[in-house]
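Visitor: I am new to this structure and would like to learn how to read its features one at a time. Could you take me through them slowly?

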Amino acid sequence: MSAAVVIFACVAYVALLFLVAWYADLRSSQGRSLVNNPYIYSLSLAVYCTAWTYFGSVGRAATTGFGFLPIYLGPTIMMPLWVIVIRKIILISKSQRINSVADFISSRYGKSTSLGVLATLIAVCSIIPYISIQLKAVASCFEIMAVHSPDASILTHNPPVLLDSSFYISIALAIFTVLFGTRNLDPNERHEGLVAAIAFESVLKLVAFLTVGVFVTFGIFNGFGDLFSKGMASPQIANILSLEGSGLNAWSWFWLTLLSMFAIILLPRQFHIAVVENTNPNFTAQAAWIFPLYLLLINIFVLPIAVGGLLQFPMGTVDPDTFVLSLPLAHGQDLLALFVAIGGFSAATSMVIVATIALSIMVSNNLVMPLLLQSKRLKEPFRGDVSRTLLQVRRVSIVAVLLLAYAYFKSVSLSQTLVSIGLISFVGVAQFAPAVFAGLYWKRGTKAGAMAGLAVGFVIWAITLPLPTLAEAGVLPMQIVENGWFNLDFLKPYNLFGMEGM
C-alpha cells in the first residue's frame with residue numbers, strides 16, 4: 001500500500017473529526033448540546049486508552065502475559081470511589097472556575113501561585129514522554145503501512161529530522177490541536193466539539209481493535225480454544241502465560257494498579273475531560289459502569305492477538321507492539337490493516353490533542369500570564385486584547401510541547417517499548433496524589449507541606465526514571481547509572497538509598 005493512500009486516509013479521517021466537532025459546536029450554539037449526555041461523557045473518558053492500549057498492551061502481553069492487566073484493573077477498581085471523589089472535584093472546580101489539575105492544587109492551598117507553577121512544571125515534564133510514545137506509534141504505523149512490511153528493523157532506524165516522518169507527524173498534530181482547541185476562548189475552558197470528536201474516536205478505535213481481534217482469533221485460528229492450545233504447545237508462550245514465568249509478582253501488580261488508580265483522575269487529559277469538560281456532575285454515575293465496560297471490551301482480544309503474533313512471527317523478527325498491524329498485513333488483509341492503522345492513529349491523536357490542550361491551559365494560566373501581569377516590561381507589548389494574547393500563548397505552548405515530545409522520541413523512545421515510557425509518565429503524575437486528596441479531605445494540609453511533597457517527589461522521580469533513561473540512550477553520561485549521581489553510591493538511580501529490587 002502506497003504512502004499516499006495512508007496519508008489520504010489519515011487526512012480524510014481528520015476531516016471527518018472536524019466535521020463531527022463542527023456539528024457539535026453548531027448544536028451547542030443553538031442551545032441543543034450534543035455532549036450533554038452521559039454516554040458521550042463516558043465515551044470521552046476513553047481517551048485514557050491511547051496508543052499504549054492499542055499497541056503497547058499487546059506488546060506487553062507478548063512479553064509478560066497478563067502483565068498488561070493492572071493498567072486497566074486500577075481504573076475499574078477505582079470507579080465506585082471515583083464517583084464520589086470526581087463528583088466532589090467537579091463541584092469544587094465549577095464553583096471556583098478551576099480549569100486544570102494545577103489550578104485545583106493551587107486553589108486548595110490558598111490559591112498559591114508558586115504551587116501552581118510547580119504543579120505545571122511537573123505535569124509538563126511527566127506528560128512529554130507519554131506524548132512521545134504516541135508519536136512513535138503513529139510513525140510506526142506509517143512506516144509499516146508504507147513499506148508493507150512488519151520487519152522490526154524499520155522501527156529502529158533514526159533518519160535526519162527533515163527526512164523523518166515523525167517530525168512531520170508532530171507538526172501536523174500541532175496544527176490539528178491548535179485548530180481543535182484554540183479557535184476561540186471560552187471562560188469555562190469547555191470545547192464541546194472536541195469532546196464529541198473524542199467520543200467518536202473512542203468508538204472507532206474500539207471497533208477497529210475488536211475487528212482485528214476477531215480476525216486473528218476466528219480468521220487465522222479457529223477460535224479461542226485452537227489459539228490457546230497451540231500457544232500452550234510452545235514452551236516459550238506457555239511460560240509467558242504462567243504468572244511465575246512472566247516475571248510478575250504481587251508488588252508489581254500492586255504498584256501498577258495503584259498508579260493506574262491515580263492516573264484515571266490525575267493525568268492532565270483525564271482531569272480535563274472528566275472535570276473541566278463535564279456538563280453535569282450526575283453523569284459520573286453512568287460513567288462508573290460504562291467506562292469499565294469499555295475497558296473490558298477493548299482488552300478482550302489483547303492476549304489472543306499477542307499469542308497469535310508470537311505463533312506467527314519468531315521472537316525478534318517483529319516488534320510485539322506492532323502485532324495488531326503486522327498480523328493482517330502478513331495475511332494479505334490490506335484494507336483491514338488500513339482500518340487498524342486509522343484506529344491506532346485515532347488512539348494516539350485523541351490523547352495528544354487533549355493532553356496538549358490541557359498542558360497549554362496550565363502553562364498559560366500558571367506560568368506565562370502571571371509573569372506578564374507582574375512585569376511591566378513584559379506586559380507592555382501585550383496591551384489590548386488579553387484573550388488574543390492568551391490564545392497566542394496557548395498556540396505557542398502546544399507547538400513547544402509537541403516539539404519537546406519529538407525530541408524525547410528521537411532521544412529515548414526509539415529504543416524503549418511503549419509501556420515502559422508510558423509508566424514513566426504514570427509515576428510522574430502520581431506525585432499529585434497526596435496534594436490533591438489531602439486538599440479534598442484534610443483541612444490541616446498546608447501550602448508548605450504540599451510544596452515539599454511535590455518537590456521531593458518530583459526530584460526522586462526525575463533522578464530515578466527519566467534522567468537514567470536519557471543516560472541509557474546516550475544523551476547523558478552513563479556513569480550516573482553505574483556510579484550514582486555525583487559519584488555517590490547511595491544515589492544510584494536503580495538502587496536509591498541502598499534499596500534493591502524495587
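Guide: Let us begin with a term: a salt bridge is a side-chain nitrogen of Lys or Arg within 4 Å of a carboxyl oxygen of Asp or Glu. Please keep in mind that what you see is a predicted model.

Visitor: How many salt bridges does a search of the whole structure find?

Guide: The search finds one, and it joins the side chains of lysine 230 and aspartate 226, with a distance of 3.6 Å from N to O. Because the two residues are four apart in helix H9, about one helical turn separates lysine 230 from aspartate 226.

Visitor: Are these two residues buried or exposed, or something in between?

Guide: Buried means under 20% relative accessible area, exposed means over 50%, and partly exposed lies in between. Aspartate 226 has a relative accessible area of 18% and is therefore buried, whereas lysine 230, at 42%, counts as partly exposed. For the protein as a whole, 57% of its 502 residues count as buried.

Visitor: What is the nearest side chain of opposite charge to lysine 205, and how far away is it?

Guide: That side chain is glutamate 201, which is 6.5 Å away from lysine 205, a residue that is buried yet has no salt bridge. Lysine 205 is found in helix H8, which covers residues 192-220, and a polar atom of its side chain lies 2.7 Å from the backbone oxygen of cysteine 49. Leaving aside residues up to four places away in sequence, lysine 205 touches several others, including Ala46, Tyr54, Tyr294 and Ser350.

Visitor: Which residues make the nonpolar patch on the surface?

Guide: The patch, of about 790 Å², is made by Tyr39, Val214, Phe218, Phe224, Trp289, Leu293, Leu296 and Ile300. Helices H8 and H13 (283-299) are the elements that give two or more residues to the patch, and H13 supplies the largest share, namely three residues. Phenylalanine 224 lies in helix H9, residues 224-232, and counts as partly exposed because its relative accessibility is 34%.

Visitor: What does the secondary structure of the whole protein come to, and how much surface does the protein expose?

Guide: The secondary structure comes to 23 helices and zero strands, while the protein exposes about 20,200 Å², of which carbon and sulfur atoms supply 67%. Among contacts between residues at least 6 apart in sequence, 83% join residues at least 24 apart.

Conventions. Residues numbered from 1 in each chain as written. Predicted model: local features only at pLDDT ≥ 70, side-chain atom pairs only at ≥ 80, totals over all residues. Heavy atoms only, no water. Buried < 20%, exposed > 50% of the residue type's maximum accessible area, 1.4 Å probe, protein only. Lys, Arg positive; Asp, Glu negative; His and termini not counted. Polar contact = N/O pair within 3.5 Å; in protein donor to acceptor, adjacent residues only side chain to side chain. Contact = heavy atoms within 4.5 Å. Patch = residues over 30% accessible without salt bridge, like charges linked within 9 Å, V, L, I, M, F, W, Y side chains within 5 Å. Areas by Shrake-Rupley, 256 points an atom, 1.4 Å probe, with all protein chains shown as cover.
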